[in-house]
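Thanks for making the time this morning. I would like to walk you through one structure, so please take a moment with the sequence and the model before I go on.

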Amino acid sequence: MIGKFATAAALTLLVLVIVGGTQGLAQTTPSEQAPAPPDPAAQAPSAQTPAQQPASGQEPAEEESTSRRKKVHDYKNWTYNVGAGANLDSGTTKTFVRGGGVVGTAGVARNANKYLGLRADFIFANLPLRDSTLELAQASGATSYFLGVTLDPVINFSVTSKYGGYVLFGPAFFHRSGSLDSDTTVPGSPCNAFWTWWGTCFNSSLPLSGKFVDASQNQFGYNFGGGVTRKMPSGVELYAVYRFTHGSHNGITTDVRPITIGVRW
């Protein structure tokens, strides 16, 4: 009897265990199938996305840098000029040459900026001899002229939007040449002041060969001057310039002061 009772109790306990396990399994399965909560670490990149916005904040700086690179070029790299005028003599040249000789100029400048450049000019000046000079030379007439090449730093400045000016100075090379007409001077005669300036006097007398009628001499020297400019609506500038030039060789000098009016573009 006791054995049956024990067997029945064991069966009852086994049923309870099976039933309890089945209920526990039924309650566990839904919990396992529930979606996992979002991982905060996975959401971190989206939270950090605003941190990348400074890259867009750099665009104004880049635009500003571009605007600086595109700054208006307010000067010309190269400028050219041509002009004409008259000559005023000075020094020993004034003693033998009358003023008012025709002058012509042409030049080109390479500008480093709107204020500073390097300018080269070619100058032609007619040097008409005075009547008193022709008497000293015993000639009925003469041709005499001056050629010059200058290389000058030039400084430009503005006074108003239309008016400006410039100054220049530097070394120069000059060539003076001339020829006398119908000269009656006797070869070998003693030199006077004109023949010395003319450049054909040797050992205080004229050559016996008679080759003193034509003169040709090269001189090195300097020049400086200044001008005013007026800008026209077309962009071309009118200018007026006064320049002093001085050259010498073996004690013989040539001084020319050209005044020219011209255009610069």
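Let me begin with the aromatic residues, where Phe 96, Phe 194, Trp 195, Trp 197, Trp 198 and Phe 212 are linked into a cluster by ring pairs. Please keep in mind throughout that what you are looking at is a predicted model.

If we stay with one member of that cluster, Trp 197, and leave aside residues up to four places away in sequence, we find that Trp 197 touches Thr 92, Thr 93, Phe 96, Val 97, Leu 129, Arg 176, Gln 217, Ile 252 and Thr 253.

That brings me to the nonpolar core. The largest one has 22 residues, and among those with the most contacts inside it are Leu 129, Phe 146, Leu 180 and Trp 197. At least two residues of this core are supplied by each of β3 (116-126), α6 (131-137), β5 (163-181) and α7 (193-198). Which element gives the largest share of this core? It is α7, with four residues. There is also a second core, separate from this one, which has five residues, including Tyr 166, Leu 168, Tyr 239 and Val 241. As general background, nonpolar side chains in soluble globular proteins tend to be buried together.

Coming back to the rings, the structure holds twelve aromatic pairs in total, and I would like to show you one of them in detail. The ring centres of Phe 146 and Phe 174 lie 5.0 Å apart with their planes at 35°, and because that angle falls between the 30 and 60 degree limits, the pair is classed as tilted. This pair links distant parts of the chain, since Phe 146 sits in strand β4 and Phe 174 in strand β5, 28 residues apart. Are these two residues buried or exposed? Phe 146 is buried, with a relative accessible area of 1%, and Phe 174 also counts as buried, at 1% relative accessibility.

Finally, let us turn to the surface, where a nonpolar patch is formed by Tyr 115, Leu 116, Ile 155, Phe 157, Val 159, Tyr 163, Val 167, Phe 169, Tyr 222 and Phe 224, which together have about 970 Å² of accessible area. The elements giving two or more residues to this patch are β4 (141-158), β5 and β6 (214-231), and the largest share, three residues, comes from β5. One residue of the patch is Phe 169, which lies in strand β5. With a relative accessible area of 43%, Phe 169 is partly exposed, because that value lies between the 20% limit for buried and the 50% limit for exposed.

Notes
Residues numbered from 1 in each chain as written. Predicted model: local features only at pLDDT ≥ 70, side-chain atom pairs only at ≥ 80, totals over all residues. Heavy atoms only, no water. Core = buried A, V, L, I, M, F, W, Y, C linked by side-chain atoms within 4.5 Å. Buried < 20%, exposed > 50% of the residue type's maximum accessible area, 1.4 Å probe, protein only. Contact = heavy atoms within 4.5 Å. Patch = residues over 30% accessible without salt bridge, like charges linked within 9 Å, V, L, I, M, F, W, Y side chains within 5 Å. Areas by Shrake-Rupley, 256 points an atom, 1.4 Å probe, with all protein chains shown as cover. Salt bridge = Lys/Arg side-chain N within 4 Å of Asp/Glu carboxyl O. Phe/Tyr/Trp six-rings, centres within 6.5 Å; stacked < 30°, edge-to-face > 60°.
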